[in-house]
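This briefing covers side-chain pairings in one protein chain. The topics are charged pairs, aromatic pairs and the surroundings of one lysine.

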Amino acid sequence: MKKLRSFYKVLIALLVLLFVEFGVLLVSLSLADRGSKQTDTNSTNAENSSLKAENSSLKAKKNSEKQAKYSNQDYALMAYLKLQGQTANELKQNKDNMNWKQDNNKFTIDFGAHATLMTVTDKQVQLTYDKSTEEGMGQGNGHKVYTKQELAEEFGNQKSTLDEILDTVNENSNNSSNTQSSAQNNQSQNNTANQANNTTYSSSTTGNTTTTTTGNTTTTTTGNTTATTTGNTTSNSDQDATTTNGSTTD
């Protein structure tokens, strides 16, 4: 009987030991599984963050490339169209009457009256224009700011028409500048010629003399003299003289 009890005690002890070891194993497996899941989660989060950063970089690069397709002139014209609520085709119909001026990154558009100023910066276009009132244009200035991105998205598909408008207004502007420069040069040349014609030279000599003058000239000589002049000339001398309009020989 005592042996049987001893046997049961040993058996119970073994069972308890087995249960303890099994519990430890379960806990270990649970912790290992939880750690594995946490590692997977961290890895997934890191991968997602990397993909988001890559997508953001690609999007920024795409926007940058899109903006690089357009010049400051394009953006200035886009901003004007957005302000006026027009399309490029609508403005094209009146492009011959459009006055276009550029001063570095500042662009001005007018049709013979009120002007609109577009200032193109790195990422946006700032507009200054005359405010409109119920009775017409007001005295104060209005202001708008458009980003290059929104302008490109709205008017980018109209670029070919924008280029046609810009080609015309730039050509008109160059022709106007050339005409003005030519007129100024002609006026300068006329002024120089008038100054030369209005100059009076006076020469009085004694002895054998040869005189050549240009302009409206009066020459008085004494002695044997040969005078050659160009212009309207009167020559008086002690010798016989012949006076002609344009040349004189004494």
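Does D74 count as buried or exposed? D74 counts as buried, because its relative accessibility is 2% and the limit for buried is under 20%. The model is a predicted one. In it, D74 forms a salt bridge with K159, and a search of the whole structure finds 2 aromatic pairs.

**Salt bridges: the D74, K159 and D163 network**

- The count of salt bridges comes to 5.
- Among them is the pair of D74 and K159, with the closest N and O atoms 3.8 Å apart.
- This pair links distant parts of the chain, since D74 is in helix α2 and K159 is in helix α5 (residues 159–197), 85 residues apart.
- K159 has a relative accessible area of 24% and is therefore partly exposed, whereas its partner D74 is buried at 2%.
- K159 also meets D163 in a salt bridge, at 3.1 Å from N to O.
- K159 and D163 both lie in helix α5, 4 residues apart, or about one turn of the helix.
- D163 is partly exposed, with a relative accessible area of 27%.
- Taken together, D74, K159 and D163 are linked in a network of salt bridges.

**Salt bridges: K92 and E164**

- Another salt bridge joins K92 to E164, and the closest N and O atoms are 2.7 Å apart.
- The pair of K92 and E164 links distant parts of the chain: K92 belongs to helix α3 (residues 88–92) and E164 to helix α5, 72 residues apart.
- K92 counts as partly exposed at 29% relative accessibility.
- E164 is partly exposed as well, with a relative accessible area of 35%.

**Aromatic pairs**

- Of aromatic pairs, the whole structure holds 2.
- The rings of Y70 and Y75 have their centres 5.8 Å apart and their planes at 75°, so this pair is edge-to-face; planes over 60 degrees apart count as such.
- Y70 is buried at a relative accessible area of 12%, and Y75 is buried at 1%.
- The rings of W100 and F107 have centres 5.5 Å apart and planes at 35°, so this pair is tilted.
- The angle of 35° for W100 and F107 does not fall under 30 degrees, the limit for stacked, nor over 60, the limit for edge-to-face.
- W100 is buried, with a relative accessible area of 5%, and F107 is buried, with a value of 0%.

**Surroundings of K82**

- K82 is found in helix α2 (residues 72–84), the helix that also holds D74.
- K82 is partly exposed because its relative accessible area is 25%, and the limit for buried is under 20%.
- Leaving aside residues up to four places away in sequence, K82 touches Y146, E150, L151, E154 and F155.
- The charged end of K82 sits over the ring of Y146, 5.5 Å from the ring centre.
- F155, one of the residues touched by K82, is 73 residues from K82 along the chain, and the C-alpha atoms of the two are separated by 8.7 Å.

Key:
Residues are numbered from 1 along each chain as its sequence is written. This is a predicted model: local features need pLDDT of at least 70, side-chain atom pairs count only at pLDDT 80 or more; totals for chains, interfaces and linings use all residues. Side-chain values use heavy atoms; hydrogens and water are left out. Helices (H or I, at least four residues) and strands (E, at least two) are DSSP runs, numbered from the N terminus. Buried means under 20% relative accessible area, exposed over 50%, partly exposed in between (1.4 Å probe, protein chains only). Contact means heavy atoms within 4.5 Å. A salt bridge is a side-chain nitrogen of Lys or Arg within 4 Å of a carboxyl oxygen of Asp or Glu. Rings of Phe, Tyr and Trp (its six-membered ring) pair if their centres lie within 6.5 Å; planes under 30 degrees apart count as stacked, over 60 as edge-to-face and the rest as tilted. A charge sits over a ring if NZ of Lys or CZ of Arg is within 6 Å of the ring centre and within 35 degrees of the ring normal.
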